[in-house]
Amino acid sequence: MLRKLVSPFARLFEFQARTHYRAERHSMALTIGIILAAGVGGFVEIAPLFTIDETVEEAPDMRLYTPLEQAGRDIYIREGCYACHSQMIRTLQDEVDRYGPYSLAVESKYDHPMLWGSKRTGPDLARVGEKYSDDWQVQHLIDPRAVVPESVMPQYAFLLNAELDTENLPDRLAALRAVGVPYTDEQIENASADARGQAMPETDGADGLVERFGDETNVRFFDGRRDRVTEMDALVAYLQILGGLTDLPAETQPAREE
């Protein structure tokens, strides 16, 4: 009985071995086979690019990261947060039920680099923006286990005392514009002042920030401190905008049934 079950696989393996042996003895046949395999693989990878305009949705309300949010994104990358948190909600029902509307391509239109990821030691963060208060985010970053006892996340308390370097932000935004992010000259020139203004709403810089980035821009003391702008301000500002750059996912996907 076992021999009958194994016999077809044995014949297939024998045929494959003979075919490989013959191909390896004839260099021209082997070369043609390699070219054909590479051609098919290349076509499969390149073909989707011809429909890229149909794949990426149009989102007229798509907004840009502010300088402070972009600085927070850079800190997020620097600290390796992407290694444990993804930022892409798949279309599976259980993910939609847990995290909200599935991710759309347009939401990462201006992300350089993109942070979709696939490993989830921690939860997906694609729609974590405004899900928790600023105080919760700060406490969670200072001591994760104080708010989530089972967490294995490292502590980032040092961010609260690390003053944010805003001097390089104009160059950072200029570099992003070079790869397609539509920052204006005015936004680039005022990047340093706008970063400080977003985390210090009582200063004149906050008004200019709203004029340049829109009325829906979050302007507040993200880390609770009023004396200076810290890396904690930047990271919390970034976390609080995740999922909030456009309303398109909520508008185009049916509401979840309770």
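Let's start at Glu 130, which counts as partly exposed because its relative accessibility is 43%, a value between the 20% and 50% cut-offs. Glu 130 sits in the loop between α5 and α6. Its backbone is worth a look: phi is near 65°, a positive value in a residue other than glycine. Please keep in mind, here and below, that you are looking at a predicted model.

Stay in that loop for a moment. Between His 112 and Pro 113 you will find a cis peptide bond, with omega at about -5°. Pro 113, like Glu 130, belongs to the loop between α5 and α6. Ser 103 is found there too, in the stretch that connects α5 (93-99) with α6 (134-142). With a relative accessibility of 22%, Ser 103 counts as partly exposed; the limit for buried is under 20%. Which residues does Ser 103 touch, leaving aside its neighbours within four places in sequence? The contacts are Gln 87, Met 88, Ile 89, Ala 126 and Arg 127.

From Ser 103 we can step over to helix α4. The C-alpha atom of Ser 103 is 24 Å from that of Pro 67, and the two residues are 36 apart along the chain. Pro 67 is one of the residues of α4, which runs over residues 67-78. What span should the twelve residues of this helix have, at 1.5 Å a residue? The expected value is 16 Å, because the rise is multiplied by one less than the number of residues. The end C-alpha atoms of α4 are indeed 16 Å apart, in agreement with that expectation. Just past the helix, Gly 80 adopts a positive phi of about 75°.

Is α4 mostly covered or mostly open? It is mostly covered, with nine of its twelve residues buried. Those buried residues are Pro 67, Leu 68, Glu 69, Gln 70, Ala 71, Gly 72, Arg 73, Ile 75 and Tyr 76. Their packing partners are four helices: α8 (169-178), α10 (191-199), α11 (205-213) and α12 (231-241).

Take α12 next. The axes of α4 and α12 come within 7 Å and cross at roughly 100°. The two helices are therefore roughly perpendicular to each other, since angles of 65 to 115 degrees fall in that class. On the α4 side, the residues that meet α12 include Leu 68, Ala 71, Ile 75 and Tyr 76. On the α12 side, the residues that meet α4 include Ala 234, Leu 235, Tyr 238 and Ile 241.

Two of those residues lead us to the aromatic rings. A search of the whole structure finds four aromatic pairs. In one of them, Tyr 65 and Tyr 238 are tilted, at 5.9 Å centre to centre with 55° between the planes. This pair links distant parts of the chain: Tyr 65 lies in the loop between α3 (52-55) and α4, while Tyr 238 is in helix α12, 173 residues apart. Tyr 65 counts as buried because its relative accessibility is 5%, and Tyr 238 is buried as well, with a relative accessible area of 0%.

Tyr 238 also pairs with Tyr 76, this time edge-to-face, at 5.4 Å centre to centre and 65° between the planes. Tyr 76 lies in α4 and Tyr 238 in α12, so this pair ties together parts that are 162 residues apart in sequence. Tyr 76 counts as buried, at 2% relative accessibility. Put together, Tyr 65, Tyr 76 and Tyr 238 form one aromatic cluster.

Two of the other helices that α4 packs against, α8 and α10, also meet one another. Their axes come within 7 Å and cross at roughly 110°. That angle makes α8 roughly perpendicular to α10. The residues that meet are Leu 169, Pro 170 and Leu 173 in α8, and Ala 191, Ser 192 and Ala 195 in α10.

Finally, turn back towards the start of the chain. UniProt, in an unreviewed entry, lists residues 28-50 as "transmembrane region". In the model, the chain over residues 28-50 is 83% helix and 0% strand, and its end C-alpha atoms are 33 Å apart.

Methods. Residues are numbered from 1 along each chain as its sequence is written. This is a predicted model: local features need pLDDT of at least 70, side-chain atom pairs count only at pLDDT 80 or more; totals for chains, interfaces and linings use all residues. Side-chain values use heavy atoms; hydrogens and water are left out. Buried means under 20% relative accessible area, exposed over 50%, partly exposed in between (1.4 Å probe, protein chains only). Contact means heavy atoms within 4.5 Å. Rings of Phe, Tyr and Trp (its six-membered ring) pair if their centres lie within 6.5 Å; planes under 30 degrees apart count as stacked, over 60 as edge-to-face and the rest as tilted. UniProt positions are given in the numbering used here, feature names are shortened, and annotations may be inferred rather than shown by experiment. Axes are lines fitted to C-alpha atoms, for helices over the stretch in contact, and angles run from 0 to 180 degrees between N-to-C directions. Angles under 35 degrees count as roughly parallel, over 145 as roughly antiparallel, 65 to 115 as roughly perpendicular and the rest as oblique.
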